[in-house]
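Here is a short tour to read with the model open beside you. Please turn it around as you go through the points.

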Amino acid sequence: RVHDSYDALLADPEIDVVYVSLPNSDHAEWSIKCARAGKHILCEKPIALIPEDVERMAVAARESGVILQEAAMYRFHPQTHQVRELVAEGVIGELRFIQCNFGFTLINDPDIRREPEKGGGALWDIGSYPVSFARTMAGENPVAVAGWLVQSDRGVDMDFGGQLHFGSGTLAQFTCSFQTLTHWEAKLIGSQGYIHLDLPWQNQVGASARVEVLRGGGGATTTFGDSKEQLEKEVLVYEDCDAYFCEVEAMAASILDDTPPTITPEDSRGNVALWWRFILRHAKTELSLSE
């Protein structure tokens, strides 16, 4: 059926769940309206643009007894769950470095990704994946961040490069871009091995993803410990990478079977707060240079 307004849609008693895929700047407003209408919410990433809005959304959902979950689809795929388990189990030893890259050429103009008032920019749009990935794999929030960007004439970041320092000692680096050939990959480098993901964000329906796991660094025999002769290699293959299907199934399970949400509002707030640390740090750097 078709409704001629969002308000009419929310008034429909037969609608149980609303997928909020509006521009980033509208996520908080309409997610809160969904909650107050008694609808469960699957809200696109980034769930909001400021941490305080995430809190308001979470309160509205809690008071209305509905599920609020961020639609960062890669988090729901079995690949992400398994890689996270491998890291937690110490398969590659102590996690030292995380490296992620994600970019493409943004051809459309106009496009909401180019509009600062809509929450545009590479960091909010595709930088959300590597930032979330780093926090997920490290299992903690960073204690320090640094970032650099290349802005458009409208004031949104077209390229962004960032670094994160976690309290455990893990370091993460990432890039995201609207001005490169399409590319994506993620690496997790540990004291005794590494994991390479050729399709970390799992958004290529019908494609196969490969996760290469190299482990056994303790067997190095050369003077500087750089031999790979005794390392064990394993390749995990995931067929038909439809992470969107996984997130819908997970959302249904949370609503119908009380399965704990894959992404909690607290987790989402951590991502938004971290993105703001990048933004504010850059703003301060620019101010000091201008002075």
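Which residue with a positive phi follows H4? That residue is Gly-90, and its phi is near 80 degrees. Keep in mind that this model is predicted. The points below take you through two open sheets, one of 8 strands and one of 3 strands, then the helices, the backbone and a cavity.

**The sheet of 8 strands**

- Reading across this open sheet, you meet the strands in the order E5-E6-E7-E4-E8-E9-E10-E11, and their pairing is mixed.
- E5 (142-151) and E11 (232-238) are at the edges with a single partner strand each, so one side of each has no neighbour in the sheet.
- From one strand to the next, the twist averages 15 degrees.
- Inside the sheet, E4 (residues 95-105) runs parallel to its partner E7 (residues 171-177), and the two are paired over 7 bridges.
- To find this pairing on screen, look for Phe-97, whose bridge partner in E7 is Leu-171.
- Helix H6 (residues 128-138) packs on this sheet, where it touches E4, E6 (157-166), E7, E8 (179-190) and E9 (193-197).
- The direction of H6 makes about 160 degrees with that of E4.

**The sheet of 3 strands**

- The order here is E1-E2-E3, in an open sheet with parallel pairing.
- E1 and E3 (68-71) are the edge strands, and each of them pairs on one side only.
- Neighbouring strands are turned against each other by 20 degrees on average, direction ignored.
- E2 and E3 are joined in the parallel sense over 4 bridges, and Glu-44 is found opposite Ala-71 of E3.
- Helix H2 packs on this sheet and touches E1 and E2, with its direction at about 170 degrees to that of E2.

**Two helices and what covers them**

- H2 (residues 27-36) is mostly covered, with 7 of its 10 residues buried.
- The buried residues of H2 are His-27, Ala-28, Trp-30, Ser-31, Ile-32, Cys-34 and Ala-35.
- Their cover includes H1 (6-10), E1 (17-20), E2 (40-44) and H3 (51-64).
- Just after H2 comes Gly-38, with a positive phi of about 80 degrees.
- In H4 (residues 78-88), the buried residues include Gln-79, Thr-80, Val-83, Leu-86 and Val-87.
- These residues of H4 lie on the same side of the helix, because they cover an arc of only 125 degrees around the axis.
- Among the elements that cover the buried residues of H4 are E4, H6, E8, E9, E10 (209-215) and E11.

**Backbone spots to check**

- Most residues other than glycine have a negative phi, and most peptide bonds are trans.
- The peptide bond from Lys-45 to Pro-46 is cis, with omega near -10 degrees, and Pro-46 is in the loop between E2 and H3.
- Asp-109 and Pro-110 are also joined by a cis peptide bond, with omega about 10 degrees; Pro-110 belongs to the loop between E4 and H5 (122-125).
- Asp-240 is not a glycine, yet its phi is positive, at about 50 degrees.
- You will find Asp-240 in the loop between E11 and H7 (243-257).
- Is Asp-240 buried or partly exposed? Its relative accessibility is 45%, so Asp-240 counts as partly exposed.
- Asp-258 is another residue other than glycine with a positive phi, near 60 degrees, and it sits in the loop between H7 and H8 (265-290).
- Asp-258 is exposed, with a relative accessible area of 67%.

**The cavity**

- How many cavities of 30 Å³ or more does a search of the whole structure find? The search finds 1.
- The largest cavity holds about 60 Å³ of space.
- Its lining is made by Lys-45, Glu-70, Ala-72, Tyr-74, Arg-75, Ser-128, Tyr-129, Ser-132, Ile-263, Asn-271 and Trp-275.
- H6 and H8 are the elements that give two or more residues to this lining.
- H6 gives the most, with 3 residues.

Notes. Residues are numbered from 1 along each chain as its sequence is written. This is a predicted model: local features need pLDDT of at least 70, side-chain atom pairs count only at pLDDT 80 or more; totals for chains, interfaces and linings use all residues. Side-chain values use heavy atoms; hydrogens and water are left out. Two strands pair if DSSP finds at least two bridges between them. Axes are lines fitted to C-alpha atoms, for helices over the stretch in contact, and angles run from 0 to 180 degrees between N-to-C directions. Contact means heavy atoms within 4.5 Å. Buried means under 20% relative accessible area, exposed over 50%, partly exposed in between (1.4 Å probe, protein chains only). The arc is that of the directions from the helix axis to the C-beta atoms. On a 1 Å grid over the protein atoms alone, a cavity is a set of points where a 1.4 Å probe fits but cannot get out, and a pocket is an open set with protein on both sides within 12 Å along at least five of seven lines; lining residues have an atom within 4 Å of a point. Grid points are joined across faces, edges and corners, and a volume is the space filled by probe spheres set on the points.
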